[in-house]
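User: Could you take a close look at one part of this model for me? I would like to follow how its elements are arranged and then see what surrounds it.

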4 protein chains.
Amino acid sequence: MEKIAYGMIGGGPGAFIGDVHRKAIRIDGLAQLKAGCFSRDAAKSKAFGAELGVAEDRLYTDYQQMAKAEAKRSDGIKFAVCVTPNASHYEICKAFLSEGIHVVCDKPLTWTIEQSQELADICKKKGLLFAVTYTYTGYPAVKQMRKMVKDGMLGNIRFVNAEYPQDWLANPVDEHSSIAPWRMDPKVSGISNCLGDIGSHIENMVATVTGLKIKRVCARLDSLVEGRTLDDNASVMVEYEGGAKGLYWSSQIAFGYDNALRIRVFGEKGGLEWAQEDPDHFYFTPKDSPKQKWSRGRDQFAPEAQQYSRVPSGHPEGLFEAFANIYKPFVLALAKQMKGEKLSASDLDFPSVEMGLEGVIFINKCVQSSKSGSVWVNV
Amino acid sequence: MEKIAYGMIGGGPGAFIGDVHRKAIRIDGLAQLKAGCFSRDAAKSKAFGAELGVAEDRLYTDYQQMAKAEAKRSDGIKFAVCVTPNASHYEICKAFLSEGIHVVCDKPLTWTIEQSQELADICKKKGLLFAVTYTYTGYPAVKQMRKMVKDGMLGNIRFVNAEYPQDWLANPVDEHSSIAPWRMDPKVSGISNCLGDIGSHIENMVATVTGLKIKRVCARLDSLVEGRTLDDNASVMVEYEGGAKGLYWSSQIAFGYDNALRIRVFGEKGGLEWAQEDPDHFYFTPKDSPKQKWSRGRDQFAPEAQQYSRVPSGHPEGLFEAFANIYKPFVLALAKQMKGEKLSASDLDFPSVEMGLEGVIFINKCVQSSKSGSVWVNV
Amino acid sequence: MEKIAYGMIGGGPGAFIGDVHRKAIRIDGLAQLKAGCFSRDAAKSKAFGAELGVAEDRLYTDYQQMAKAEAKRSDGIKFAVCVTPNASHYEICKAFLSEGIHVVCDKPLTWTIEQSQELADICKKKGLLFAVTYTYTGYPAVKQMRKMVKDGMLGNIRFVNAEYPQDWLANPVDEHSSIAPWRMDPKVSGISNCLGDIGSHIENMVATVTGLKIKRVCARLDSLVEGRTLDDNASVMVEYEGGAKGLYWSSQIAFGYDNALRIRVFGEKGGLEWAQEDPDHFYFTPKDSPKQKWSRGRDQFAPEAQQYSRVPSGHPEGLFEAFANIYKPFVLALAKQMKGEKLSASDLDFPSVEMGLEGVIFINKCVQSSKSGSVWVNV
Amino acid sequence: MEKIAYGMIGGGPGAFIGDVHRKAIRIDGLAQLKAGCFSRDAAKSKAFGAELGVAEDRLYTDYQQMAKAEAKRSDGIKFAVCVTPNASHYEICKAFLSEGIHVVCDKPLTWTIEQSQELADICKKKGLLFAVTYTYTGYPAVKQMRKMVKDGMLGNIRFVNAEYPQDWLANPVDEHSSIAPWRMDPKVSGISNCLGDIGSHIENMVATVTGLKIKRVCARLDSLVEGRTLDDNASVMVEYEGGAKGLYWSSQIAFGYDNALRIRVFGEKGGLEWAQEDPDHFYFTPKDSPKQKWSRGRDQFAPEAQQYSRVPSGHPEGLFEAFANIYKPFVLALAKQMKGEKLSASDLDFPSVEMGLEGVIFINKCVQSSKSGSVWVNV
């Protein structure tokens, strides 16, 4: 298969996440960076583009211009990767979609529900593919748990406990310092910091694994470090359609925790447990039986999950591979569509624009609940 | 020191927890069972008392009679251990306190706040000792964490996450079966099952370790197994005096969990973590430093904690020793008081009747919050 | 059942292990301390005996005298507990056995193979019961693993890896200090320190769980801390009868380890793993299946193991209970024998004098191998 | 920096490890695949080369021809990656080195000691770079531990316990099946299977972390699964220069273990512990202090280690990144040398041909020891 051309918006010199996207895409070698809008500074952009091997005439300082120019080229990019701060996602995604270019965008997708809804509508109308990089759902263990729930191995789900503690904002930092330049600034991060950044990963992970739809939320967003305007800790009581219940906790002040997303799902017939920091394993307790440790790459993994595993069991896979597992099905689906073939549900095995929308709804409703004194808010 | 005579109410043939109390008391050999009201059936009581070495004339079928008779004897029991179902705690404790006999009672202390308040008032007025067997606070690791918080090693506490998942009620059992005879019966268990039974352990553990006072709660009690009238799962958002926040989860439907009480405390200067199923260890993460695993019996434990350790590090101590660590300071304080010496705060190193009262308040306020649709209720 | 009278030799004021024995025996309350030879100093002995509730006329300063006097009494002790340093085990045990008194003795049983053989012979000849306190085999999880191996759930055993790292002798201590008064002194500890003290626990644990008999050993005993004459670290390659192989490591210089006895058994059909510091759980990996975590007190435990469990799963049991699980079957067997009933193999569910002998053989052969430059030595 | 051209020998369609090498190299994008000898079948090679984007005229069916042709081209490959079965390493490496082309080769390097020595000699004489892909030493945690030992944080090393259990050969497989085509065949795997394949990783990991040189070994290689001619389990007692001791265990029949390389190092001042299946963390116990859990990406990591970390702490890195950490310094050193700059020791931060030689010596001496009945053999 020929490599599919893609462009990147954001991810310039020093930007962490853009580099991760590029490295992750390179692992499978299915797509190639051919254009970019890395900086508004032309000289910087040029130097950086050269380093990445992007032709000079495809380095842009304006994403609108980039969308238009690339759409016109016969060898133009087929999809755009948007890795800018949250505030600009909506405008950038819209620009490329409008030109018929498929999009991959970081989460949270947009600030407002309406913006995300609009992006979803455009995709539907134009038949464009859109992936939101909820990275952690790319792990094979997550795919396997999703399948087990779907296959009824847990029976009806009763309760979900999910958490995401970190400690990197536990110390009072200058909120405009280089460490957390925009996260704590409402002008850039919007209405929420902690819940928006990592709480939304919880929401998406639970939705992915269980398929449950949130009916209403009762949330409390806390600013626990002095002098902080946005939240750095959040508790959410959740009620799902059908009667199951959930409890989510995200925090950035939890000393002793790096990036500890963890999900526990309890059903009528058993329980599941997975932690992002040990992504190759998960624990399954069938009713009235000992707890089992499942290991990625072993026979028990179903083909739907195992296809995302690149090395044998016991050979750790990590974040890059999880990222690559968002891009791999996205690029393969795109290639298939470009050949005029019809895509099936299993082809679309990446977080969709609708999931991005659900995430934005979740954030907005939780903020609304918290601001109203932790009342229940329908979703 | 001569062994102090005690009596037991409840804990008859087949009763699990009474046997644990007796075994735990025997470990240190500071007190001796001399009287009992094990059963209302005289024949059963006689046989059982013989097995335990209790003299026939000190086996009672009525606790009121027992309290009166023992109070009159010159060699009468000095303290009564009440291990009956919750519903009868209040009357029994009151009977013995009224006769000037000190009391140890299981938790939750009583059904109503007023009852617990009354017991606390009697103790204060009469100068009687009263311990509530919140067993898990007896572990040396808990004592050590309490001291570290008190010494300011964590700075001001910001957030507490505590949980207590079990799975022994995950299957729909006949709620009047022999397995869970009274727990699911409102006539015996009162207004709550899960929160009352294990959620109250969370409340007490957090209070013990952090010293925080609860200001208000927002709770949701769930009955997740079909056909159940009382709760088997509970989520509580907590606000403490001084501004710290907390989140508690207790559950009896969490497949894969035996008895997994766990507490995580986060302050300005570090974090603490402890799990009841690995009671000899806890984890301390000082600000900007690696996580540390502390092991009971090592030099780092302070004397206040280490005094409750009976074997060297790496030689597991368990539930019996935790129980014994409630009884040991209780009996030693009693012996000291009997000698006419004045007791200091450090002598009273066991869960007090006031803590029992706080537990009953916590349960009642959470139930009230939940019944009102999870609104905030002041404590 | 009436409490059976026992006496103790050693275990005086400040002696750690004697106190543990007494506390462990008290848990079940099946036996009662009635006589003792706690110290050669009459005044000390008297004071200490009073504290323990032993009648003054049954406090001895000479164990020979004690054996004779107790044997003559109609209410004399039925068994003697020997908790003195290793050097005196043989003479003491022999004294009591000779008087027809049953014996419980610490390990390693004796210095020489001949001494242990002699004790075993006396027991056989006189029909006396003898238990060696290889404590760690008392855990219910060990009983369960033993049964699973016996039932063929692992198929033929292929390999055993067992280890016992500690760090309490990692620092160069004054070897005649109060911390390790006799362990490093060949006059008291004999030919080996580390291997004799903890390596012998490995040998017994493997023998208990697997039933394998050692055919030959190739050992290296190291003195890794400067100035030490006896070993503080030991590696042993083992060959069993039938062709299975093993590897044992014991160490007292392993910084970071408290008392980390751990055994892993691999057979044709699966593997087992257990660690003493988490005694309530073990791991079983059936061939081609995920690893399972078994938890003491759950349904899967067989009655042969579950009978030694005193509290439900998730309520930790520890060293005292493991000790109590040596004493419980010993005392029950003794009571049965005293009633004139015949004992079955399942009655004798405690480490036998023959196991004590095997331990002494193991130590002696390993020392011989090591001194000869780590050559293979037949057992 | 312009991408450096490399070629690959082996790693054709279906070959697992070649694909891993290519993916790992792509992560950093410092080198580009420009030539290959993937198969002796011209048609297969052509198809596969096309898929990988290699020009048709640089696809070879003979590695000798490839070495010569590439050496002549002005745009010829700068280094060759050899990922063929062990038997052919020597000839292939020699062919490229002889043409002045630098080499990266899988381990074990060659069959005989003389072959490895010869390769090392050529490199030295010609000033060529040579890396042996002992992958696991690429993890940042390993680099950090190496630095801590070097900096004296453990004091003199006393003992090393290292193990590498797997279970993928625990079942009796057809040894000529597609699963393990050559590993169990002495014609392909040479004198050892388990020790040669994974035992040599232990040897290299210990040498990397501690810097210790092996003085002599006493080994036992076992064939524990019926009908097997080569070893599937191996125990090695090691003595290092300077007096430290070690114990290595590798196994492929250990049910419950995927790829569990683990190393524990004990010195005068503390202990270190690391497991390959949790590569981002290691444990450090300083003398008389609690055990610490160090996490890659946190401040405590020194720059020498942290430079190999690509994502923040808590975002798992895995095998691909470990591989990339062999290639990154290799390619950067090569680029520096190509610019005529002198390389320092810190530039050569990858497993050298001398380490490859030491590995081959280790394997050969262990086999010799085992065949002689587990006698000590000098290295």
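Analyst: Below I start with one sheet of chain A and then move out to the core and the contacts between chains. The model is predicted, so to speak of local features pLDDT must be at least 70, side-chain atom pairs count only at pLDDT 80 or more, and totals for chains, interfaces and linings use all residues. Residues are numbered from 1 along each chain as its sequence is written, with chains lettered from A and ligands numbered from 1 in written order.

Let's begin with the sheet. In chain A, five strands (DSSP runs of E, at least two residues, numbered from the N terminus) make an open, parallel sheet in the order E2-E1-E3-E4-E5. Strands count as paired if DSSP finds at least two bridges between them. At the edges are strand E2 (31-37) and strand E5 (130-132) of chain A, each pairing on one side only. From one strand to the next, the twist averages 20°; angles run from 0 to 180 degrees between N-to-C directions, with axes fitted to C-alpha atoms, for helices over the stretch in contact. Strand E1 (residues 4-9) of chain A runs parallel to E2(A), and six bridges join the two. One detail to look up is A:Gly7, whose bridge partner in E2(A) is A:Ala35. Packed on the sheet is helix H4 (residues 89-98) of chain A, a DSSP run of H or I with at least four residues. Helix H4 of chain A touches E1, strand E3 (79-82) and strand E4 (102-105) of chain A, and its direction makes about 160° with that of E4(A).

Next, the core. A nonpolar core is a set of buried Ala, Val, Leu, Ile, Met, Phe, Trp, Tyr and Cys residues joined through C-beta atoms within 7 Å. Buried means that 20 or more other C-beta atoms, placed from the backbone, lie within 10 Å of a residue's own; 12 or fewer means exposed, and in between is partly exposed. The largest nonpolar core has 479 residues, and those with the most contacts inside it are A:Val103, B:Val103, C:Val103 and D:Val103. Leaving out residues up to four places away in sequence, the partners of C:Val103 include C:Phe79, C:Phe96 and C:Phe130. Such contacts require C-beta atoms, placed from the backbone, within 7 Å.

Now for the neighbouring chains. 30 residues of chain B are in contact with 30 residues of chain A. E9(B) contributes the most to the side of chain B that touches chain A, four residues. By class, that side has twelve nonpolar, eleven polar and seven charged residues; Ala, Val, Leu, Ile, Met, Phe, Trp, Tyr, Cys and Pro count as nonpolar, Asp, Glu, Lys and Arg as charged, and the others, Gly among them, as polar.

Chain B superposes on chain A by a rotation of 180° with 0.0 Å of shift along its axis (RMSD 0.0 Å), fitted by least squares on C-alpha atoms of residues with pLDDT of at least 70 in both. The two copies are therefore related as by a two-fold rotation axis. In chain B, the C-alpha nearest the axis belongs to B:Val375, 3.5 Å away from it.

Finally, 22 residues of chain A are in contact with 22 residues of chain D. H1(A) supplies the largest share of the side of chain A that touches chain D, four residues.

Conventions
Contact = placed C-beta atoms within 7 Å.
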